[in-house]
Structure formats: C-alpha cells, structure tokens
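Me: I should like to go through this structure and ask how its descriptions are justified. Please set each value against the rule that applies.

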Amino acid sequence: AEDYDFFVDDFSITAPFVTPSWAGDWVLDPVAGALAVGPNAGSVGEWYASSAGDVDTRACLFDDIHRFNADGTYQQIMQDQTWLEGWQGVAEGCGTPIAPHDGSNAATYTYTGETVTVIGDGAFMGLAKVHNTGEDGVSGGSITYNIVSVDENYLVVNIQYAPGADNTWQFRFRNANYTPPTTDVTFTVNTESIEVGPNGMYLGGGVLGGAQAYAMTDADADGTWEVTLTLNEGTTGNYIFLNSPN
C-alpha cells in the first residue's frame with residue numbers, strides 16, 4: 001500500500017468590478033438648490049435649499065471632488081479647505097478638513113441601478129453629517145444613497161436620514177469636466193394693486209438669497225418691476241418678490 005498526503009485549502013473567485021457609466025469626478029453643482037432638505041423626497045427644499053449666494057459663501061464645499069474610480073475605489077479630494085459645521089466642534093465656515101471626513105481613509109463604492117453606497121470611515125457624498133440614521137457624521141462605515149437621476153453631466157441622489165421618518169436630503173452633482181450653459185431669465189411683477197414702498201421691489205428668498213438679493217426696476221413707471229438674472233442650467237427652487245424690504 002502507498003501513503004498519500006492530501007492538502008485542502010479554501011478559495012474564492014471574486015467577480016471583476018464592473019465600472020458604471022457615470023464613473024469619474026463629480027462636484028456639487030454650483031447652482032441654487034444643489035443642497036436641499038425636506039420632510040420627504042417630494043418636498044426637498046421645503047426646510048432648506050442652498051441659495052445662489054451659498055455657492056460663493058461655501059465655495060470650499062463646491063470645489064470638493066467626489067471621485068468614483070473605474071476599479072471601484074472612491075476618493076474625496078477636498079483641496080485645502082471644506083465646509084465645517086458645529087457638530088464637528090468648530091464654528092460653521094470654511095476650514096481645514098477634519099478627520100475622518102477629510103478623504104484620508106481608503107474607501108470603495110458599490111452600486112445598483114437605483115443606489116450607490118460609499119464604504120469607508122468618513123466617506124460621504126454631499127454633506128459629511130448626513131448618513132442613513134442621522135445627521136451626526138457617525139455613519140458606521142458606509143452610506144447608501146438613492147439615485148434620483150444620472151446622465152453624463154448630472155448626478156442627483158437623495159437619502160432618508162431619520163429612522164421611522166421620510167426626512168430627506170437631496171444632493172445635486174455636476175460632472176467636474178462639464179461647463180453648463182447659462183440662460184438669461186427675466187423676473188417681472190405687476191404692482192398695480194399695491195403701493196410700492198420707498199425702497200422699491202426686490203427679488204429674493206429661497207434659492208436666490210436674502211430679502212434684498214436683487215433690486216428690481218420700473219424704468220418706464222408702468223407699475224411692472226423687473227430684473228434679469230443669468231442662471232446656470234439646472235437652477236431650481238423657490239423665490240419671492242418683496243415690497244420695500246429693509
């Protein structure tokens with residue numbers, strides 16, 4: 001009889017990562033309404049929507065790159081500064097990124113036709129504080145976002161962040177290599193039935209900014225005030241006319 005030695009070992013075969021059509025570099029779309037939150041997915045922006053002015057105020061956030069690599073790795077490139085908030089123990093404003101939400105940890109991503117999940121300590125999309133169970137930045141190592149829409153130029157995702165509720169944040173991204181066209185939009189309001197105060201009429205509120213965001217004019221004194229704004233493709237949200245704000 002002959003003796004035989006048998007060796008048994010475990011092995012597994014991992015399917016190669018299939019790169020999504022939208023892989024690449026994305027930034028928050030620098031338009032009003034890129035960040036929005038509301039009681040449900042159908043009313044994002046009801047509680048808050050970033051304004052056109054926020055694009056400048058939070059420029060350190062709008063230049064952050066969210067990079068989905070072809071091999072399934074995920075990177076956050078925050079330049080020297082990003083937008084910090086009170087939950088991070090600092091005053092709200094631009095500042096040096098704070099770990100783990102600084103892009104220093106290795107991360108990956110997975111996706112389906114309806115969701116994208118970023119995996120890694122501190123990995124996120126949009127706002128660092130928002131995850132699937134809260135707004136405190138403690139994600140547990142992964143966050144899943146619903147894909148609202150995606151094409152070669154724009155990626156819109158949302159996320160419900162309150163267990164047992166539909167409270168929803170929405171983030172609108174733009175391909176970092178895409179420069180969108182602009183459109184001149186004229187806003188008009190007829191004041192025939194009201195008395196316009198000494199400060200005149202203004203356009204503002206919502207996605208356009210404060211009460212005195214844009215002064216309107218009535219050059220021909222016919223009671224119809226107007227102002228023309230140059231808006232980026234994709235600008236969306238609410239606004240109001242204001243009578244003589246001060």
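Me: What makes cysteine 60 and cysteine 94 a disulfide?

Reply: This is a predicted model, and in it the sulfur atoms of cysteine 60 and cysteine 94 are 2.0 Å apart. The cut-off for a disulfide is within 2.5 Å, so the pair qualifies. By this rule the count comes to 1 disulfide.

Me: Why is the disulfide of cysteine 60 and cysteine 94 called left-handed or right-handed?

Reply: It is called left-handed because the torsion about the S-S bond is about -90 degrees. Cysteine 60 belongs to helix H2 and cysteine 94 to strand S7 (residues 93–95), so the bond ties together parts that are 34 residues apart in sequence.

Me: How do you know whether cysteine 60 is buried or exposed?

Reply: Cysteine 60 has a relative accessible area of 6%. Buried means under 20%, so cysteine 60 is buried.

Me: What is cysteine 94 called, given its relative accessible area?

Reply: The value for cysteine 94 is 37%. Partly exposed lies between the limits of 20% and 50%, so cysteine 94 is partly exposed.

Me: Why is threonine 117 called buried?

Reply: Threonine 117, which is found in strand S9, has a relative accessible area of 13%. The limit is under 20%, so the term buried applies to threonine 117.

Me: What makes the pair of threonine 117 and threonine 144 a polar contact?

Reply: Their side chains approach to 2.7 Å. A polar contact requires N or O atoms within 3.5 Å, one able to donate a hydrogen and the other to accept it, so the distance satisfies the cut-off.

Me: Which residues have the most contacts inside the largest nonpolar core?

Reply: That core has 35 residues, and those with the most contacts inside it are Phe68, Val116, Val118, Met125, Tyr145, Trp169 and Phe171. Among the elements that each supply at least two residues of this core are helix H2 and strand S9. Beyond its neighbours within four places in sequence, methionine 125 is in contact with residues including His66, Leu155 and Phe173.

Me: Why are strand S15 and strand S17 said to stand at the edges?

Reply: The open sheet has 3 strands in the order S15-S14-S17, with antiparallel pairing. Strand S15 (214–215) and strand S17 (240–243) each have a single partner strand, so one side of each is left without a neighbour in the sheet.

Me: How do you know that strand S14 and S17 pair?

Reply: Pairing requires at least two bridges. Strand S14 (residues 201–204) and S17 are joined by 4 bridges, so they pair. One of the bridge partners in S17 is isoleucine 240, which is matched with glycine 204.

Note on methods: Residues are numbered from 1 along each chain as its sequence is written. This is a predicted model: local features need pLDDT of at least 70, side-chain atom pairs count only at pLDDT 80 or more; totals for chains, interfaces and linings use all residues. Side-chain values use heavy atoms; hydrogens and water are left out. A nonpolar core is a set of buried Ala, Val, Leu, Ile, Met, Phe, Trp, Tyr and Cys residues joined through side-chain atoms within 4.5 Å. Buried means under 20% relative accessible area, exposed over 50%, partly exposed in between (1.4 Å probe, protein chains only). Contact means heavy atoms within 4.5 Å.
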